[in-house]
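Please open the structure in your viewer and keep the selection tool at hand. The tour below proceeds from one selection to the next.

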Amino acid sequence: MKVVDIKIFVVNPTAAEKFDGIGHLYRGGINYVVVKVLTDEGIYGVGEGTLHASELAVVAALKNFRELIIGKDPRNIEDIWHFLHRSTYWRGGPIFKTAIAAIDMALWDIKGKLANMPVYQLLGGACRKGVLVYRHADGRDPKEVADNVRKWLERGYKVVRAQMGGYGGSGKLKFEPPEREGLPGTTYFEPTRYLIEVPKLFEHLRSELGMEVELLHDVHEQISPIEAAQLAKSLEPYRLFFLEDPVSPEQKDALAFIRSQTTTPLAIGEIFCDREQIIPLFINRLIDYIRIAPLHVGGITEARKIMTLAEPFGVKSAFHGAADLGPISQAAAVHLQMSVHNFGVQEWTDFRSIQVFCDLFPTPCEVSDGYAYPNEAAGLGIDFNEEIAPRFPYSPVYMPQIRRADGTVHGY
Ligand code: MG
């Protein structure tokens, strides 16, 4: 069996319209990178290489990889993974790991189709009935956030992320429109008000919703290590499921200090892409949940290894799953998390509820009563409708820009 071609697509089904319930509304939409790995036996596999706002860099890497793996046996997933990883010489990083992930997912899809089994069966079978997911609630004030958390609970969801005013929340001072049409504007942020208001938000949520419902909060790396320690400590009475991305990857060594100050569970890693960044967090017991996504660490093959490395240290998965990780990578994440013992929770975007995603990606994973389920068809159980892809062309997208009050550049 041989790979005969890799087709690469970029589709932006979200550029023109707004969608309720997608979790985020991104300016310019989201460009999803999709591959189809074709074989000489007529079987093909689908994979995803979306890297929001850097999609075309991944496409360039994929074009290189295409030339390298045409003629290879697609059944040799492990060998192809290492071959691609070393083929660049300057290896690793988000662009190459995402490109490898796209091909890796497609190869698992092919293997599943060959075996006539869903991928989670090939990975060891089901460890649970379904994959617990969390949704996003936001609002302008604590009352509105509580109302929006309740809406998810009423729909059967068990875990809800609570924000007030998006990332950085009430720390946002003002928004400046972009210098040129098509570019992102700039939001100005200072942490003081944010650090004061977040504990008040959770005090209100607990008084309204009780202590049992599972709530979490995403700091989105907006604060310094000492501020993160203060926040995690002040949130302790409100029993968070976890505090997400309390610091940036550059400050990950400070997690030891933060942990020494608080028992609030910590989750980090949604922009990590290499195991070398992650393993010290396990060994030194700095986190409770690892937020990688198969999409950005090299696919199912590498994400499974990272979860195996996490297992002896009691670290669970909390895979990244915002709307800029599309339905194919979501399916790959669900298959993997069905099959690992140390599963925690999966961030969720309900693509299945949006018609255009069902048309383009027949069919996204189903969610019911707070749990996601893999499709039982052979392989990943999801396809890509290339016939309608030209209706959703690429459109440029840039990440939001953040600066401090004095104009200093700050991370998103
Ligand atoms: Mg996050």
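Helices and strands are here runs assigned by DSSP, numbered from the N terminus; a helix has at least four residues and a strand at least two. In these terms, Asn-31 is found in the loop between E1 and E2. Please bear in mind that this is a predicted model.

**The whole chain**

Display the entire protein as a cartoon. Its secondary structure comes to 13 helices and 17 strands. The C-alpha trace spans about 60 × 50 × 45 Å along its principal axes. For 412 residues, a compact globule would have a radius of gyration near 22 Å; the protein has 21 Å and therefore agrees with that expectation. Of the 412 residues, 48% count as buried. Consider also the contacts between residues at least 6 apart in sequence: 72% of them join residues at least 24 apart.

**Two domains**

Next, colour residues 3-117 as domain 1, and residues 122-380 together with 389-410 as domain 2, following the domain assignment. The centres of the two domains, taken over C-alpha atoms, are separated by 23 Å. How many residues of domain 1 are in contact with domain 2? There are 46, and they meet 40 residues of domain 2. On the side of domain 1 that touches domain 2, at least two residues each are supplied by strand E1 (3-11), strand E2 (32-39), strand E3 (44-48), H2 and H3. H3 gives the most to this side, with 14 residues. The residues of this side of domain 1 divide into 22 nonpolar, 16 polar and 8 charged.

**Helix H2**

Select residues 77-87, which form helix H2, and show the side chains of Ile-80, Trp-81 and Leu-84; these three are buried. They lie on the same side of H2, because they cover an arc of only 105° around the axis. Now rotate the view to the face turned away from the buried side, where Glu-78, Asp-79, His-82 and Arg-86 are exposed. What covers the buried residues of H2? The cover includes helix H1 (55-69), helix H3 (93-115) and helix H11 (300-310). Before leaving this region, select Tyr-89, just after H2, which takes a positive phi of about 65°.

**Two buried loop residues**

Return to Asn-31, in the loop between E1 and E2. Is Asn-31 buried or exposed? A residue is buried if 20 or more other C-beta atoms lie within 10 Å of its own. Asn-31 has 29 such neighbours inside 10 Å and therefore counts as buried. Apart from its neighbours within four places in sequence, Asn-31 is in contact with Val-10, Asn-12, Glu-55, Tyr-394 and Val-397. Select Pro-13 as well: its C-alpha atom is separated by 7.6 Å from that of Asn-31, and the two residues are 18 apart along the chain.

Then move to Asp-324, in the loop between strand E12 (316-319) and helix H12 (327-339). Asp-324 counts as buried because it has 24 C-beta neighbours inside 10 Å. Its C-alpha atom and that of Ile-30 are separated by 6.1 Å, although these residues are 294 apart along the chain.

**An open sheet**

Finally, select the 4 strands that form an open sheet in the order E6-E7-E16-E17, with mixed pairing. Strand E6 (172-176) and strand E17 (409-410) are the edge strands, each pairing on one side only. E6 and strand E7 (residues 186-189) run antiparallel and are joined by 4 bridges. To see one such pair of residues, select Lys-172 and its bridge partner in E7, Phe-189.

Notes
Residues numbered from 1 in each chain as written. Predicted model: local features only at pLDDT ≥ 70, side-chain atom pairs only at ≥ 80, totals over all residues. Pairing = 2+ DSSP bridges. Buried ≥ 20, exposed ≤ 12 C-beta atoms within 10 Å, placed from the backbone. Arc of directions from axis to C-beta. Contact = placed C-beta atoms within 7 Å. Domains from an automatic or database assignment. Nonpolar A, V, L, I, M, F, W, Y, C, P; charged D, E, K, R; others polar. Rg over C-alpha atoms; globule rule 2.2 N^0.38 Å.
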